[in-house]
Amino acid sequence: MLRPILIHPDPRLKKVMPPVPDLSDDLRVLAADMLETMYDAPGIGLAAPQVGAMHRLIVADCIKEEGATPRPLAMFNPEVLASSDETNVYEEGCLSIPEIYADVTRPAEVEVAWMDADGNPRQEVFTGLWATCVQHEIDHLNGKLFIDYLKPLKRQMITRKMIKLKRERARDAE
Ligand SMILES: [Zn+2]
């Protein structure tokens, strides 16, 4: 089932999410819904607070090549164990900040631990776009958005644009 994506600014996008203590069918359904919503958008990552679900859960699939096998990942309680000193710059976007893109510098490699949808502990080193995507999504669980890395003036301009967009969408929905 598709879930509506919250648009910035929204207080739910600024909160620190509590860890998932135990997996449940509801949480597995949430993860499946988030993947469906992410692919539909389309996007390469989505965090639970973006659909108003207050849990430490992210989903991602950074396989973009035409015809390549998809790799849907649902990560409960993801945690960065180690980051490289080497950095990468990617032009990032966010499904909660539509049509805004900006360069963000992050560690080029991160080692991440998480629990998968079967409750198994997993660990992996992510590089390239995957590394950026996973860090962007984990930031969401800590109430941080990619625009928080930009200069305050730029961030305020983007936020004003989003307030206007939300107003227009609300008007269109009437
Ligand atoms: Zn985002």
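The legends below go with close-up views of a predicted model.

**View A. The zinc ion and its protein donors.**
Let's start at the metal. Three side-chain atoms serve as protein donors to the zinc ion: SG of Cys94, NE2 of His136 and NE2 of His140. Their distances from the zinc ion run from 2.1 to 2.3 Å. Along the sequence, the donor residues follow the spacing C-x41-H-x3-H. Why are histidine 136 and histidine 140 separated by about one helical turn? Both sit in helix α2 (residues 128-141), and they are about one turn from each other because they are four residues apart there. Histidine 136 and histidine 140 are both buried.

**View B. The hairpin that carries the cysteine donor.**
Here the view moves to Cys94, which gives its SG atom to the zinc ion. Strand β5 (residues 97-107) pairs with β4 in the antiparallel sense, over seven bridges. Two residues lie between β4 and β5, and the two strands form a hairpin. Within this pairing, cysteine 94 has isoleucine 97 of β5 as its bridge partner. Also in strand β5 is glutamate 99, a residue other than glycine whose phi is positive, near 65°. Is glutamate 99 buried or exposed? With a relative accessible area of 72%, glutamate 99 is exposed.

**View C. The open sheet.**
Five strands make up an open sheet with antiparallel pairing, in the order β1-β2-β3-β6-β7. At its edges are β1 (45-47) and β7 (121-127), each of which pairs on one side only. From one strand to the next, the twist averages 40°. At the β1 edge, three bridges join β1 to strand β2 (residues 57-60), and these strands run antiparallel. One such pair to look for is glycine 45 with its bridge partner in β2, alanine 60.

**View D. Two helices against the sheet.**
Which strands does helix α1 (residues 25-40) touch as it packs on the sheet? Helix α1 touches β1, β2 and β3 (73-83), and its direction makes about 40° with that of β2. Helix α2 lies across β1, β2, β3, β6 (109-115) and β7, and runs at about 155° to β2. Just after α1, in the loop between α1 and β1, is proline 42. A cis peptide bond links proline 42 to alanine 41, with omega about -10°. Another cis peptide bond joins histidine 8 and proline 9, with omega about 0°; proline 9 is placed in the segment before α1.

**View E. The nonpolar cores and isoleucine 58.**
The largest nonpolar core holds 17 residues, and Ile58, Met75, Val112, Phe126 and Val134 have the most contacts inside it. At least two residues of this core come from each of β2, β3, β6 and α2. Helix α2 gives the largest share, six residues. A second, separate core has 16 residues, among them Val20, Leu35, Val51 and Val59. Returning to the larger core, isoleucine 58 lies in strand β2 and is buried, with a relative accessible area of 0%. Leaving aside residues up to four places away in sequence, its contacts include Met34, Leu46, Leu73, Met75, Val134, Ile138 and Leu141. Between isoleucine 58 and alanine 47, which are 11 residues apart along the chain, the C-alpha separation is 4.3 Å.

**View F. Aspartate 116 in its loop.**
Aspartate 116 is found in the loop between β6 and β7. Is this aspartate 116 buried or exposed? Aspartate 116 is buried, at a relative accessible area of 9%. Its side chain makes a polar contact with the side chain of arginine 122, at 3.4 Å. Apart from residues up to four places away in sequence, aspartate 116 touches Leu23, Ala74, Phe76 and Arg122.

**View G. Asparagine 77 and serine 84.**
Asparagine 77 lies in strand β3. Its phi is near 50°, a positive value in a residue other than glycine. Asparagine 77 counts as partly exposed, at 23% relative accessibility. Serine 84 is in the loop between β3 and β4 (87-94). What does the side chain of serine 84 reach? The side chain of serine 84 reaches the backbone oxygen of glutamate 86 at 2.8 Å. Serine 84 also touches Pro107, Ala108 and Glu109, not counting residues up to four places away in sequence.

Methods. Residues are numbered from 1 along each chain as its sequence is written. This is a predicted model: local features need pLDDT of at least 70, side-chain atom pairs count only at pLDDT 80 or more; totals for chains, interfaces and linings use all residues. Side-chain values use heavy atoms; hydrogens and water are left out. Donors are N, O and S atoms within 2.8 Å of the metal (3.2 Å for Na, K and Ca); water is not among the atoms, so sites may look incomplete. Buried means under 20% relative accessible area, exposed over 50%, partly exposed in between (1.4 Å probe, protein chains only). Two strands pair if DSSP finds at least two bridges between them. Axes are lines fitted to C-alpha atoms, for helices over the stretch in contact, and angles run from 0 to 180 degrees between N-to-C directions. Contact means heavy atoms within 4.5 Å. A nonpolar core is a set of buried Ala, Val, Leu, Ile, Met, Phe, Trp, Tyr and Cys residues joined through side-chain atoms within 4.5 Å. A polar contact is a pair of N or O atoms within 3.5 Å; within protein, one must be able to donate a hydrogen and the other to accept it, and residues adjacent in sequence count only if both atoms are side-chain atoms.
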